[in-house]
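Dear colleague,

Please find below the structure that I am handing over to you. My account of what was found in it follows directly after.

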Amino acid sequence: MIAIIDYKAGNLTSVKLAVQKVGGDAIITSDPDVIKAADRIIFPGVGAAGAAMNNLDDLNLDTLVKEQIASGKPFLGICVGLQVLFDMSEEDGGTDCLGIVPGQVKLFKAAPPETKVPQMGWNSVNFLDKHPLLEGIENNSYFYFVHSYYPSTSDRTYILGETSYAGVTFSSMIYKDNLVATQFHLEKSGKVGLKILENFCGWDGTC
Amino acid sequence: MLTKRIIPCLDIRDKKVTKGVKFKNNVILGDPVEMAIKYYEDGCDELVFYDITASAEGRPIDIDMVKAVAENIYIPFAVGGGISSLKDMEMALLAGAEKVSVNSLAIINPAIIAEGSKAFGAQCIVLGMDPIKTENLEKCPSGYEITRRGGREFTGIDALEWAKKAENLGVGEIVVNSVDADGTRQGCELELTKMISENVNVPVVASGGVGCSQHMVDVFNYAHADAVIIAGMIHTGDYTIQQIKEELSEMGVAVRR
């Protein structure tokens, strides 16, 4: 069973539908017991980092998320579910996050008409390493992004994929042991997104 | 790099996809879900569905259709028509739509943009606007006036002012649908699109008038559109999405292939 953690940070329907499409058995939940019993976890999220962190706190899920990552269970963050893993985000006047990945989440600088914020649409990801989740995925494949803030880590050993926008190259996919997270939306990235989700459903959490 | 998006638009009337010219003379084209799957398989970047009779019939958007689409395509799609409250927005998003598009509703009640943006995130809220060229420069200094009901009703609102206001209220994207160009397949209203795109920070989607790949090159390169909505040229079978993307790629436009 895959637990899709519901912390009132956006719409999880499409994540569940995509997991089901690739044969995964998923439940949307904020129940700690269900999350603990799941054999893998998806940590999604859209919207603002500040609200996301407040909701995690209110639901007493912040410590649980850290414990679950430490347990070695396959763990997949998506979008804001990636951003809140960092030390902090510039969003909402500066938000302290979970501190699992060293680095900050920063605001893109808009420069209309060429560069709009949010970045909205399909951008390519340059993969820096091999990984079981990338089985069958070509380098520089296109994925769907929608975000105004971008993750930037100082420790390059965490970077699995990079993407360029608005004059910066940011960490669009990060990894560490049993943890993987994407800034792009796997559930909205067509066949390549579904393939990574399918790989996640069969992954044992080791590299 | 971020690619330009090609977005097929499906106008729904009585549960079927239809297509008109200048918002009139609609003909039936097919089943929305089947057509969505076809365009998804063919490589479109996103889809938009307008339930064009929902508002007139005073009913909410067809949620069963939204669900059926979400169960079959795994790319973003927006829905519009029949969105008259936060509750309607929530229903459409929970059914699996990525975005909801507001048009007339936002004109009557601009605060809905801020409320929707706060509740669901700016990226979910799209402003659709139907501007028409006007001589009334006193009221509309940009030269374009916002209409309702696809050009049948004038509002006296200036198109550029409306775009800026909507951005401040928190929309994540603006769809500029030129009433003059709609359904003509003679090219987009370039000056209108350019003006809006140069004056807002959020993505701008050009809509109305696209009949061939060159029209898209023009609206991307000259008018700085971030995405383009197409309908007639693919619904008739004159073009496939793949063919459009091949042509755009040859003409130097970055597209996802």
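**Findings in chains A and B**

In chain A, strand β5 (residues 86–89) and strand β7 (residues 101–107) run parallel and are joined by three bridges. A:Phe86 has A:Val101 as its bridge partner in β7(A). Please bear in mind throughout that this is a predicted model.

These two strands belong to an open sheet of four strands in chain A, with the order β6-β5-β7-β11 and mixed pairing. The edges of this sheet are β6 (95–96) and β11 (149–153) of chain A; each has a single partner strand, so one side of each is left without a neighbour in the sheet. As general background, the strands of a sheet pair through backbone hydrogen bonds, either parallel or antiparallel.

Chain A also holds an open sheet of eight strands, again with mixed pairing, in the order β2-β1-β3-β4-β14-β13-β12-β9. Here β2 (26–29) and β9 (126–127) of chain A stand at the edges, and because each has a single partner strand, one side of each lacks a neighbour in the sheet. Within this sheet, six bridges pair β12(A) with strand β13 (residues 168–176) of chain A in the antiparallel sense. Opposite A:Glu162 stands A:Ser171 in β13(A). Helix α1(A) lies across β1 (2–5), β2, β3 (40–43) and β4 (75–78) of chain A, and α1(A) runs at about 165 degrees to β2(A).

**Chain A as a whole**

In total, chain A contains six helices and 14 strands. The C-alpha trace of chain A spans about 45 × 40 × 30 Å along its principal axes. Does its radius of gyration agree with, or depart from, that of a compact globule? For 207 residues a compact globule would have a radius of gyration near 17 Å, and the 16 Å of chain A agrees with this. Of the 207 residues of chain A, 53% count as buried. Among the contacts in chain A between residues at least 6 apart in sequence, 67% join residues at least 24 apart.

**Where the two chains meet**

How many residues of each chain take part in the contact between chain A and chain B? On the chain A side there are 31 residues, in contact with 29 residues of chain B. Five elements of chain A each supply at least two residues of the side that touches chain B:

- the helices α1 (13–21) and α6 (190–201) of chain A;
- the strands β8 (119–124), β10 (142–147) and β12 (159–165) of chain A.

By class, the residues on this side of chain A comprise 15 nonpolar, 11 polar and five charged.

**Details in chain B**

In chain B, strand β8 (residues 144–148) and strand β9 (residues 153–158) run antiparallel and are joined by three bridges. B:Arg148 is placed opposite B:Glu153 in β9(B). The hairpin of β8(B) and β9(B) has four residues between the strands, and in this hairpin B:Arg149 takes a positive phi near 50 degrees.

Helix α6 (residues 159–169) of chain B packs with helix α7 (residues 190–199) of chain B at an angle of about 35 degrees, and their axes are 10 Å apart. The crossing of α6(B) and α7(B) is right-handed. From α6(B), the residues B:Ala159, B:Leu160, B:Ala163 and B:Lys164 meet B:Leu192, B:Met195, B:Ile196 and B:Asn199 of α7(B). The contact of α6(B) with α7(B) has six nonpolar residues, one polar and one charged.

With kind regards

How values were computed
Residues numbered from 1 in each chain as written. Chains lettered and ligands numbered in written order. Predicted model: local features only at pLDDT ≥ 70, side-chain atom pairs only at ≥ 80, totals over all residues. Axes fitted to C-alpha atoms, helices over the stretch in contact; angles between N-to-C directions. Left-handed = near helix turned anticlockwise from the far one by under 90°. Contact = placed C-beta atoms within 7 Å. Nonpolar A, V, L, I, M, F, W, Y, C, P; charged D, E, K, R; others polar. Pairing = 2+ DSSP bridges. Rg over C-alpha atoms; globule rule 2.2 N^0.38 Å. Buried ≥ 20, exposed ≤ 12 C-beta atoms within 10 Å, placed from the backbone.
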